[in-house]
Amino acid sequence: MFLTRRFYIVLAAIAAILASGVLFSPLFLLGKGLLVLLAVVLAADVVVLWSLPKVEVDRICSERFSLGDDNEVTLRLTNRSTLPLRLTLIDELPAQLQERHFSLSAKVGAGSVADVTYHVRPTMRGVYAFGHVLAYAATTIGLAERRHRCGEPCDVKVYPSYLMLRRLELMAATDNLMEMGVKKVRQIGNNTEFEQIRDYVQGDDYRTINWKASARRTHLMVNVYQDERAQQVFSVIDKGRLMQQSHEGMTLLDHAINASLVLSYVVVNRQDKAGIITFADHFGSFVPAERHSSQMQRILECLYGQQTTFGESDYSILTPNVNRLVGKRSFMMLYTNFTDFGSLSRQLPYLRLLNQRHRLLVVFFEDDELSSYVATDAHGGEEYYQHVIAEKLIYERRLIVSTLRQNGIFSLLTSPKRLSVDVINKYLEMKSRHLLV
């Protein structure tokens, strides 16, 4: 049993009345009476609370959470007593959430059930351990409350952002992808993969008429083409120390993993093959590019276990392993983070070797905070100096883009919060221009 805030407020008011009795004696007698009344009501409240059946609280949530998204958790409250109750709920949240003052309030009628919902936004992959739910029950009087330890501890795995896949799938089904930022790209030129020959119907392009087949059949026949399919698209993820930089509570690695998962979904639905490659100071995971129904689950499980390292990324290990494991010319989308031109210069020879065998697109990140700082006005010599350094860092990132272009390597400089959409748009653009291989 615990005394509530209401009890202490009432007790403080009675104490003030008793103190006023020094100046006006009837108030002292009134205060004594009120103090006795408070003790009687408190005793009655405690007896009633102790006699009531235990409050039941069940935690309802998914077996896995989506990284960086708002995941719903519902607490189902069951009051089997004959009195309405006011509840203060404290759910023992996982340590990764770093939430130390979490509580919810709810009212449950007599013999009824109520639901209380809150959301959890995990910023790290892994296993999240929920503890018990502490329910502090109070009657309408509200001078005391009884603590009930409810619910069962449970573990929830946090996976890369699969909720984004569901939103993407829904938008694709309703043709509303532009709301997410995915652009409609105009197809350039004819499709390169022949599908079949069929009879000409009004509205067909005259340029697709097959004159030899038309001569044999004595009526017009046309060639039918389809989008190039079965192209291999690999998401190559750098897990080195530079990918530990944080943005909105998530590391750049986690942003890259979410983007890789979404891109793989789009690739598979475009009839191409999606695969995953990871590396740091050693070669990491490899998921061969496929497009069968279970490929997305394989990719999801692979991405779930990836972690950054404190070592320098070794591109000299990446290039020979990629060439050994991937025999067919493929599209490689490399997620990395070049902070200055010097970091690119050390890796450029290996990127050129990789680009000779495959089509390479290097994705690296803008610093939003740095850009926002440069946009502000400088005051004083020290701030001018800081602005010059910040502008130099931004210029070096643009120089990296220019240098990659000069070496025949495609690049994408983007913000972590726009990464998924920009990556999808870049893939669709390059596919429409037949630049994937």
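Let's start at a small spot: Gln-271 sits in the loop that runs between helix H6 (252–269) and strand S17 (273–279). The model you are looking at is a predicted one. In it, the backbone of Gln-271 has a phi near 65 degrees, a positive value in a residue that is not glycine. That deserves a second look because most residues other than glycine have a negative phi. As for its surroundings, Gln-271 has a relative accessible area of 32%, so it counts as partly exposed, falling between the 20% and 50% cut-offs.

Another glutamine invites the same kind of visit. Gln-98 belongs to the loop between strand S5 (85–91) and strand S6 (104–108). Its phi is positive too, near 50 degrees, again in a residue other than glycine. Is Gln-98 buried or exposed? Its relative accessibility is 53%, and because exposed means over 50%, Gln-98 counts as exposed.

Now step back and take in the whole protein chain. You will find 12 helices and 21 strands in it. Along its principal axes, the C-alpha trace spans about 115 × 70 × 40 Å. How does the radius of gyration of the protein chain compare with that of a compact globule of 437 residues? Such a globule would come out near 22 Å, but the protein chain has 32 Å. Even so, 46% of the 437 residues count as buried. If you take the contacts between residues at least 6 apart in sequence, 73% of them join residues at least 24 apart.

The surface and the charges round out this wider view. About 22,900 Å² of the protein chain is exposed, and carbon and sulfur atoms supply 54% of that area. There are 50 positive and 45 negative charges, and their mean positions lie 4 Å apart.

With that in mind, let's walk along strand S4, which covers residues 71–78 and holds Arg-76. Arg-76 has 35% relative accessibility and so counts as partly exposed. Which residue does the side chain of Arg-76 reach with a polar contact? The partner is the side chain of Asp-115, at 2.9 Å. Leaving aside residues up to four places away in sequence, Arg-76 touches Glu-56, Val-57, Asp-58 and Ile-60, and also Val-113, Ala-114 and Asp-115. Of these contacts, the one with Ala-114 comes with a handy pair of numbers: Arg-76 and Ala-114 are 38 residues apart in sequence, yet their C-alpha atoms are 5.9 Å apart in space.

Thr-74 is also in strand S4. At 11% relative accessibility, Thr-74 counts as buried, because that value is under 20%. Its side chain makes a polar contact of 3.4 Å with the side chain of Thr-117. With residues up to four places away in sequence set aside, Thr-74 touches Asp-58, Arg-59 and Ile-60, along with Asp-115, Val-116 and Thr-117. Asp-115 therefore appears among the contacts of Thr-74 as well as among those of Arg-76.

For the last stop, look for Gln-202, in the loop between strand S12 (193–199) and helix H5 (211–217). Gln-202 is exposed, with a relative accessible area of 80%. Where Arg-76 and Ala-114 were 38 residues apart in sequence, Gln-202 and Ile-237 are 35 residues apart along the chain, and their C-alpha atoms are separated by 49 Å.

Terms used. Residues numbered from 1 in each chain as written. Heavy atoms only, no water. Helix = DSSP H or I, 4+ residues; strand = E, 2+ residues; numbered from the N terminus. Rg over C-alpha atoms; globule rule 2.2 N^0.38 Å. Buried < 20%, exposed > 50% of the residue type's maximum accessible area, 1.4 Å probe, protein only. Contact = heavy atoms within 4.5 Å. Areas by Shrake-Rupley, 256 points an atom, 1.4 Å probe, with all protein chains shown as cover. Lys, Arg positive; Asp, Glu negative; His and termini not counted. Charge placed at Lys NZ, Arg CZ, Asp CG, Glu CD. Polar contact = N/O pair within 3.5 Å; in protein donor to acceptor, adjacent residues only side chain to side chain.
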